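User: I should like to go through this model and hear the reasoning behind each label given to it. Please set each value against its criterion before concluding.

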Amino acid sequence: MAFDPMVSRRLLLGATMVSLLVGALGALLYAQQRVAACAFVPLVAPELLPNAALAPAAATGMPIGWQRRAGGVELRGPAVDGQGFDLDGDGRALQLLGIANYVKTPSVAVQPGARYCFTGFALTDSEQRSPTRARLVFVWYDPSGTPVGEAATLWQPVTLWTPEAPPRDWSRLQGSFVAPPEARSLAVRIEPASDDRIYLDAMHAHRGGNALAGLAAPPPTLATDLPRVARWPLGRQAAVAFTFDWETTMGGLIHSRSVGDPNYDKDPEARGLRMREGITTTLQLFQPYGVRATYYATGYNFLLGNLERRRFMGDPLFAWASPANGWITDRWTQRPWFADDPFGTYRSHPAWYFGDLIRPLRDAGHEIQSHTFSHLYGGLADAATWAADLQAWNQVAAERGVAPATSLAFPWSGSAGMSDASWDVLEQGGIRSVTRLSNQMQYNLFPTDSDGVVLEPRCRWLPGREGRILACPDFYLTPERVSLALRQIERAVVAGGMIDLWAHTEEVTSPEQLRAWERVVQRVARDQRLWVAPLGEIAAWQAALATLKVELVATEPDAAQPLIVRVTNPGASDLAGLSLHLPANTRRIAVNGEELARQEWLHPRGQGWWPAAGLATFDLAAGQTAEVQLWLTP
Ligand SMILES: [Ca+2]
Ligand SMILES: [Zn+2]
């Protein structure tokens, strides 16, 4: 066959066109994929983050335009201080330390309705050798710079770096969200789930990020329509717990630390006796008011003695209990923690063992929870020590008929330094609420005003453990702080929250201390707006309410047809005195077919409804569903 140059040229041209088209299409697809993955694409998805290079601002230790909540966020790296890490070759990365802390990016201009994404890299060189987690929170602002919405990603793993086993790669932190209609700018907060030190580097923001949409955390559901579940039983507006740190001479008193203990320089035996006396005085204090309190006990509180010379937790030596960490001597760096046990009984050594006091406390209805077995410093102990401590506490508690701990008060308010691994141990050990958390800024989940009044007094989920562990705010009650305590309670009412009023039992023994406590207890017990209960019960209530399901059964209510609401309690806690806020035009109400009585002149105690307050109250046991019928005036 003859060779036709025309045909061949046409073919060649066609082939070239096709391959160019395929190439262009391929490039387009490739670019689309990159945009979806939040990668940089010239012109299409340029860098949006101002100072993504983390260029340092003079003298602040921070990159220009970047913000932090508290100290503990600063530039580190080979080119900064010869320490720390760097991923992208410029010699610096941003350190983030503290569970209450965050890094906040400079703001990025956005168009409403468009999707934006953020990517960055993280690792931790945790002192406790624990990997950790972090999340991103997108904060949207209107043109005036007012926040108009927030959206969080799921918690994402942050890999552990150790000198022996450095990880191959840093962990990627990423997420994307669509800008809401009012939004004109965006800043991204990076938040940690523990006090393990994190380094952040190679952070970028782009348009796009479709492929990252699945990393969004489910948004919180806000029920605003009536009927709506009231926050506390019987429609009360706030909850108050009276709690005590209660320790024998062995629990903390001989292990004095000058920081976080106002009586560190007093004789540990005399203090142990006063801790004991504080049980008698507080039982008398609460009895007339029917108030039930929480006693956070250390392990030796459960012992009637130790004639058997039992050894607990493997007779540990806590090398971290050193002057460098605030101890007044270096004694505990050489001596086992329980070495001073006199091996006597509560009769021969009443300051050392309180096993005889458990029964009277329980008989009076009070709650006994964990102040740790050993009175360890939580942020300095490792996860294995935590596990041994929780196990030992539950063991000796069981010997006195006390249930495993579900709530824990940190000795010395020493939560600063808690690793994600230690929190895992607490969670797996059944701890559902914690208090006495660190008040150092970067670890402090409950900021206060200058007088020490907690600004947002309500239990909140521990970051990274939403739905699992509640962190509850406390207020240290001393005779000088009575009027502040009353202010704190008012603040809890306004917040619809809770406050834990606390001291050591040794601090409720003098006539002056008792007068102060009496004033507050009387005030609280008579205040119909307040629910007074042990802290563990308050936390269990809040956790149960978070899982409560309220469904409107589709009907067209009129004068004859009721509105039907199904309320389900899928949790393990009974909800006695569950209350519903009702529509103002409610005429009648029935629960599971039984009409609730009107209580025109009473506060809504127990079953019934109170039209003046717009509240209906009934009990909903664990695992039960109630069908509530409301007849409304049209
Ligand atoms: Ca870098
Ligand atoms: Zn203590």
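Analyst: This is a predicted model. Let us begin with helix 6, whose buried residues pack against strand 7 (132-141), helix 5 and strand 17 (407-409).

User: Which residues of helix 6 are buried, and what makes a residue count as buried?

Analyst: A residue is called buried if 20 or more other C-beta atoms lie within 10 Å of its own. In helix 6 the label applies to Asp-420, Ala-421, Ser-422, Trp-423, Val-425 and Leu-426. After the helix comes Gly-430, which has a positive phi, near 95 degrees.

User: What makes Glu-518 partly exposed?

Analyst: Glu-518 belongs to helix 8 (residues 511-525). The bound for buried is 20 or more neighbours and that for exposed is 12 or fewer. Glu-518 has 16 C-beta neighbours inside 10 Å and therefore counts as partly exposed. As to its position relative to Asp-449, the two are 69 residues apart in sequence, and their C-alpha atoms are 25 Å apart in space.

User: How do you know that the length of helix 5 agrees with the expected span?

Analyst: The expected span is 1.5 Å times one less than the number of residues. For the 17 residues of helix 5 (residues 383-399) this gives 24 Å, and the end C-alpha atoms are 25 Å apart, so the two agree.

User: Why are the buried residues of helix 5 said to line one face?

Analyst: The buried residues of helix 5 are Thr-385, Trp-386, Asp-389, Leu-390, Trp-393, Val-396 and Ala-397. Viewed down the axis of helix 5, they fall within an arc of 140 degrees, and therefore they line one face of the helix. The background is that an α-helix has 3.6 residues a turn, so residues three or four places apart point the same way. Ala-384, Ala-398 and Glu-399 are exposed, on the face of helix 5 turned away from its buried side.

User: Against what do the buried residues of helix 5 pack, and what follows the helix?

Analyst: They pack against strand 16 (367-370) and helix 6 (420-428). Helix 5 is followed by Gly-401, with a positive phi near 80 degrees.

User: How does helix 9 fare in the span test, and which of its residues are buried?

Analyst: With 13 residues, helix 9 (residues 535-547) should span 18 Å; the end C-alpha atoms lie 19 Å apart, so the values agree. Its buried residues are Leu-535, Gly-536, Glu-537, Ile-538, Ala-539, Ala-540, Trp-541, Gln-542 and Ala-543.

User: What makes strand 24 and strand 28 edge strands?

Analyst: The open sheet of five strands has the order 24-25-31-27-28, with antiparallel pairing. Strand 24 (549-553) and strand 28 (594-595) each pair on one side only, and these are the edge strands.

User: How do you know that strand 27 and strand 31 pair?

Analyst: Pairing requires at least two bridges. Strand 27 (residues 586-591) and strand 31 (residues 625-632) have five bridges, in the antiparallel sense. Ile-589 stands opposite Leu-630 of strand 31.

User: Which strands are the edges in the sheet of order 13-26-30-29?

Analyst: In this open, antiparallel sheet of four strands, strand 13 (228-229) and strand 29 (608-610) are the edges, each pairing on one side only. Strand 29 and strand 30 (residues 615-620) run antiparallel and are joined by three bridges, which satisfies the minimum of two. Trp-610 has Leu-615 in strand 30 as its bridge partner.

Terms used. Residues are numbered from 1 along each chain as its sequence is written. Chains are lettered from A and ligands numbered from 1 in the order in which they are written. This is a predicted model: local features need pLDDT of at least 70, side-chain atom pairs count only at pLDDT 80 or more; totals for chains, interfaces and linings use all residues. Helices (H or I, at least four residues) and strands (E, at least two) are DSSP runs, numbered from the N terminus. The arc is that of the directions from the helix axis to the C-beta atoms. Two residues are in contact if their C-beta atoms, placed from the backbone, lie within 7 Å.
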